[in-house]
Amino acid sequence: MSTTKKIAGAALAAALGVTTLSACGGGDAKDKTAGASDAPKSKTVTLVSHDSFNVTEAVLKEFEQQSGYTVKVLKSGDAGAALNQEILTKGSPRGDVFFGVDNTLLSRALDNGIFIPYEAKGLGGVKPEYVLDKEHRVTPVDSGDICVNYDKAYFADKKIAPPQTLDDLVKPEYKNLLVVENAATSSPGLGFMLASVGKYGEEGWKDYWSKLKANGVEVVDGWEQAYNERFSGSAGGKKAKGDRPLVVSYASSPPVEVLYGEPQPAEAPTGVSTGTCFRQIEFAGLLKGAKNEEGGKALVDFLISKKFQEDMPLQMFVNPVTKDAALPELFTQHGVVVEKPENVAPETIAKNREQWVKAWTALVVK
């Protein structure tokens with residue numbers, strides 16, 4: 001999740017400050033591909049992505065050996081910045097495939113015509129609710145839920161039930177407990193604002209935020225500050241003496257707290273309020289003007305292959321979108337299933353995002 005998702009907000013691995021393997025296998029892999037993209041009939045295929053893209057080196061190497069292509073990963077900041085670059089270079093892209101545009105930015109990408117249609121092999125195995133573009137200009141790759149996380153120890157000590165829904169958060173027992181990210185500067189902040197739009201509609205979401213503000217919600221610029229400084233339940237927040245036991249983060253945050261806990265806890269110290277969530281879906285697309293269109297198609301196919309889909313959760317802390325991909329035990333044991341996340345249609349987001357963010361800023365921050 002980049003600062004536009006993950007994603008705006010970083011993909012969770014980057015947001016959590018976790019050190020992971022480079023998708024290119026380190027400097028040697030990058031050096032090996034240097035100049036290859038300029039050669040005739042190049043066997044190099046370039047993936048442009050946000051900074052949070054990651055894949056196990058062995059999984060990537062297996063694709064390279066089977067396909068005959070060498071993958072070069074060009075990381076380009078957060079998802080919003082990366083998308084802006086592709087819009088600016090439309091028709092003469094920096095790579096062959098773009099990964100990381102999510103449903104909050106999808107209409108912008110499609111309206112600017114940066115992708116060419118391609119129906120990926122294996123698309124029939126993708127859950128149909130994730131296929132948002134019927135022209136197949138983009139292919140769904142992963143999903144993740146932005147949700148309020150809670151500090152289990154705090155609520156156990158206070159003998160208060162943690163909130164479970166958006167409605168709960170405005171109740172008096174949760175006054176001055178919630179920290180959220182700025183919707184204008186953070187992907188999870190934007191996602192949480194969109195959850196309120198999905199829940200209360202265009203007529204009611206501003207009234208909801210007025211109630212949250214009256215109930216002492218704290219707003220900070222980004223995920224890192226909210227989760228690792230202000231939230232009392234995370235490892236970073238404990239060190240920073242954070243005093244807010246509620247934070248906007250991801251449904252996958254509890255498994256990550258277990259994975260990187262020192263020592264590793266038997267149970268996640270944080271929980272997820274499953275009635276507060278907004279679902280993000282990330283897509284990949286074949287870029288218009290790609291120098292290696294056939295290699296790009298093979299790479300898009302790979303991104304929805306069972307091998308990549310099952311590798312992805314512990315590399316980028318997101319969920320697979322294919323029907324046959326199994327989640328790792330860490331997710332099934334310590335994660336949660338969000339049955340009914342809030343959603344807002346991409347075209348509705350595209351039409352209203354700017355004015356919604358301005359209204360939110362005037363109401364909550366100023």
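Trainee: How much space lies in the second largest cavity?
Mentor: This is a predicted model, in which local features need pLDDT of at least 70, side-chain atom pairs count only at pLDDT 80 or more, and totals for chains, interfaces and linings use all residues. Numbering starts from 1 along each chain as its sequence is written, and side-chain values use heavy atoms, leaving out hydrogens and water. The second largest cavity (points on a 1 Å grid over the protein atoms alone where a 1.4 Å probe fits but cannot get out) holds about 30 Å³.

Trainee: Which residues line the second largest cavity?
Mentor: Good one to trace in your viewer. Lining residues have an atom within 4 Å of a point. They are Leu169, Tyr174, Asn176, Leu177, Leu178, Leu212, Asn215, Gly216 and Val217.

Trainee: How is H7 oriented to H15?
Mentor: H7 spans residues 187–214 and H15 residues 346–365. Their axes come within 11 Å and cross at roughly 25°. Angles under 35 degrees count as roughly parallel, over 145 as roughly antiparallel, 65 to 115 as roughly perpendicular and the rest as oblique. That makes H7, relative to H15, roughly parallel.

Trainee: Which tryptophans of H15 join its contact with H7?
Mentor: H7 brings residues including Leu190, Trp205 and Lys213 to the contact (heavy atoms within 4.5 Å). From H15 come, among them, Thr348, Arg353 and Leu363. The tryptophans there are Trp356 and Trp360.

Trainee: How are H3 and H11 oriented to each other?
Mentor: H3 (residues 57–67) and H11 (residues 293–303) have axes 11 Å apart. Val59, Leu60 and Phe63 of H3 meet Ala298, Leu299 and Phe302 of H11. The packing angle is about 140°, so the two helices are oblique.

Conventions:
On a 1 Å grid over the protein atoms alone, a cavity is a set of points where a 1.4 Å probe fits but cannot get out, and a pocket is an open set with protein on both sides within 12 Å along at least five of seven lines; lining residues have an atom within 4 Å of a point. Grid points are joined across faces, edges and corners, and a volume is the space filled by probe spheres set on the points. Axes are lines fitted to C-alpha atoms, for helices over the stretch in contact, and angles run from 0 to 180 degrees between N-to-C directions. Helices (H or I, at least four residues) and strands (E, at least two) are DSSP runs, numbered from the N terminus.
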